[in-house]
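Trainee: I have this model open on my screen and would like a careful walk through one part of it. Could you take me through chain B and what it leans on?

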Amino acid sequence: MLNKVSHKKRWQLLYAVAIATSLGLGVVLGAQQFSAPPLAVAQLLPAPKTIPEFALENHRAEVVDATVFRGRWSLVFFGFASCPDFCPLELQKLAKLLNLMGAGDALQVVFVSVDPERDGQEKLANYVGFFHPQILGLRGNNQALANFAQFFGAAYDRSAIVESKLLTIPAGINLPTNVGEQYQVNHSTRIFVVNPQGEFVGSFTSPYEVENLLSDMQKLMGR
Amino acid sequence: MNYYNKFFTCVLLAMLAGHGAAQVQVENAWIQLAPPAIAVNAAYMTIHNPQLRAQTIVGVSADCCAGVMLHKTRREGDKVAMDHLEHLVIPAQARVQLAPGGLHIMLTEAQEELTLESKVKITFSFGDGSTQEFDLDVKQSEP
């Protein structure tokens, strides 16, 4: 009889342990799910990186520094205004995202021109305004642009045929005067995500569907 | 004499048919509207070659613009660059797509800024010496 009771107790204990374990596992998995929602296109950095101080000019000819990234989410894209194919495609997608999000000032798209010799302030203003009023254009001197791009890991250079030879002008170097107007800008395709604390948190690259980007930004922004 | 006339008519018709066979079909052609004061546009389309032999486009011109180039947007890791193509082969019974992010015709040095009202005529020159014209509208975004 005594033996029977202890046998029953043992089974009860085993059941209790099994239930507790599965509950615990559920809580742990649930917490993991909660802390890192699966993202469709964005790749997050292991740790956020604070954007260092910089000085660039916006498309309204105002000097901007790192505070431009405070208090709102930003998507940063490096390109140039005379880009016939890739930049318009990306900016149209980002403009579509801004419309779908309807987040107002909580989300901005930042277009950084890496072609300051051709993209003056007025040209940049016309350019970004054409795609969406919430796109902020940034420009600056070659060295400041190169430092800013390097922080994100956004590679770019310019190339031209000068006297039948291919000339590559690295990031940060002023365009030599003998290059003229006919040159190419080879630039990063990545779009960088910055949180409202002014920290670079991740990036994504094409090809991607705007709907997937929308769901990622909604998750990141907690909307 | 009558016999010879008929013979030459047949030869002429055969030559014309042969000339016609050098042509491709251009489908869904359009030009991307550029932002104001940006004098660079891209033209996109699908080129269909229904013939049994490949067709090679060796030259492109446009009535709107002095600068016309066949380009291909190329990815180099995370970077994007543009390649200038000297010619474009349309394989037999195949379609080649000129679409955003890939192949396109770059239009520069326009006589007048292209607007949504502009009508553009593009001419392809083929390797066999034949040419083909087609019309394009300017659109805000991909139709």
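What pLDDT does chain B average, and what share of the residues score at least 70? After that, please take a close look at chain B and follow the trail into chain A.

Mentor: Happy to. Keep in mind that this is a predicted model. Chain B averages a pLDDT of 88, and 85% of its residues score at least 70. One stretch to treat with care is residues 14-18 of chain B, where pLDDT stays under 50 and the model has 0 contacts beyond four places in sequence. Where pLDDT is low, the predicted coordinates should not be read in detail. For the complex, the predictor gives an ipTM of 0.77 and a pTM of 0.81.

Now the fold of chain B. The secondary structure comes to 1 helix and 10 strands, and along the sequence the pattern reads α-β-β-β-β-β-β-β-β-β-β. Taking the contacts in chain B with a separation of 6 or more, 68% are between residues 24 or more positions apart. Of the 143 residues in chain B, 24% count as buried.

Leu136(B) is a good place to zoom in. This residue sits in strand E10 of chain B, residues 131-139. Leu136(B) counts as buried because 24 other C-beta atoms lie within 10 Å, and the cut-off for that label is 20 or more. Leaving aside residues up to four places away in sequence, Leu136(B) touches Ala29(B), Trp30(B), Ile31(B), Ala43(B), Val120(B) and Ile122(B). Take Ile31(B) from that list: Leu136(B) and Ile31(B) are 105 residues apart along the chain, yet their C-alpha atoms are separated by 6.7 Å.

Another partner of Leu136(B), Ala43(B), brings us to the largest nonpolar core. That core has 73 residues, and Val112(A) and Ala43(B) touch the most other members. Its largest share, 8 residues, comes from helix H2 of chain A, residues 86-101. In soluble globular proteins, nonpolar side chains tend to be buried together.

Next, the contact between the chains. Chain B gives 20 residues and chain A gives 21 residues. On the chain B side, strands E2 (40-49), E4 (65-76), E5 (79-85) and E8 (103-110) each supply at least two residues. E5(B) provides the largest share of that side, 4 residues. By class, the side of chain B that touches chain A has 11 nonpolar, 6 polar and 3 charged residues. E5(B) also pairs with a strand of the other chain: strand E9 of chain A, residues 184-188, runs antiparallel to E5(B) over 2 bridges. Within that pairing, Val80(B) is the bridge partner of His187(A).

Let's cross into chain A and pick up Val112(A), the other residue named for the core. Leaving out residues up to four places away in sequence, Val112(A) touches Val76(A), Phe78(A), Leu138(A), Leu145(A) and Phe148(A). Two of these partners, Leu145(A) and Phe148(A), are buried in helix H4 of chain A (residues 142-152), along with Ala149(A). These three lie on the same side of H4(A), because they cover an arc of only 95° around the axis. Their cover includes strands E2 (56-58), E4 (73-79), E5 (107-113) and E7 (156-162) of chain A. Just after H4(A) comes Gly153(A), with a positive phi near 80°.

One of the covering strands, E4(A), leads on to strand E10 of chain A. E4(A) and E10(A) pair in the antiparallel sense over 4 bridges, and Leu75(A) has Val193(A) as its bridge partner in E10(A). Strand E10(A), residues 191-194, is covered on both faces: Ile191(A) and Val193(A) are buried on one side, and Phe192(A) and Val194(A) are buried on the other. E10(A) is also joined by 4 bridges to strand E11 of chain A (residues 199-204), again running antiparallel, and Val194(A) stands opposite Phe200(A) there. E10(A) and E11(A) form a hairpin with 4 residues between them, and Gly198(A) in the turn has a positive phi of about 75°.

For contrast, look at Gly102(A), in the loop between H2 and E5 of chain A. Gly102(A) counts as exposed because it has 9 C-beta neighbours inside 10 Å.

Note on methods:
Residues are numbered from 1 along each chain as its sequence is written. Chains are lettered from A and ligands numbered from 1 in the order in which they are written. Two residues are in contact if their C-beta atoms, placed from the backbone, lie within 7 Å. Ala, Val, Leu, Ile, Met, Phe, Trp, Tyr, Cys and Pro count as nonpolar, Asp, Glu, Lys and Arg as charged, and the others, Gly among them, as polar. Two strands pair if DSSP finds at least two bridges between them. A residue is buried if 20 or more other C-beta atoms lie within 10 Å of its own, exposed if 12 or fewer, and partly exposed in between; C-beta atoms are placed from the backbone. pLDDT is the predictor's confidence in each residue, from 0 to 100. A nonpolar core is a set of buried Ala, Val, Leu, Ile, Met, Phe, Trp, Tyr and Cys residues joined through C-beta atoms within 7 Å. The arc is that of the directions from the helix axis to the C-beta atoms.
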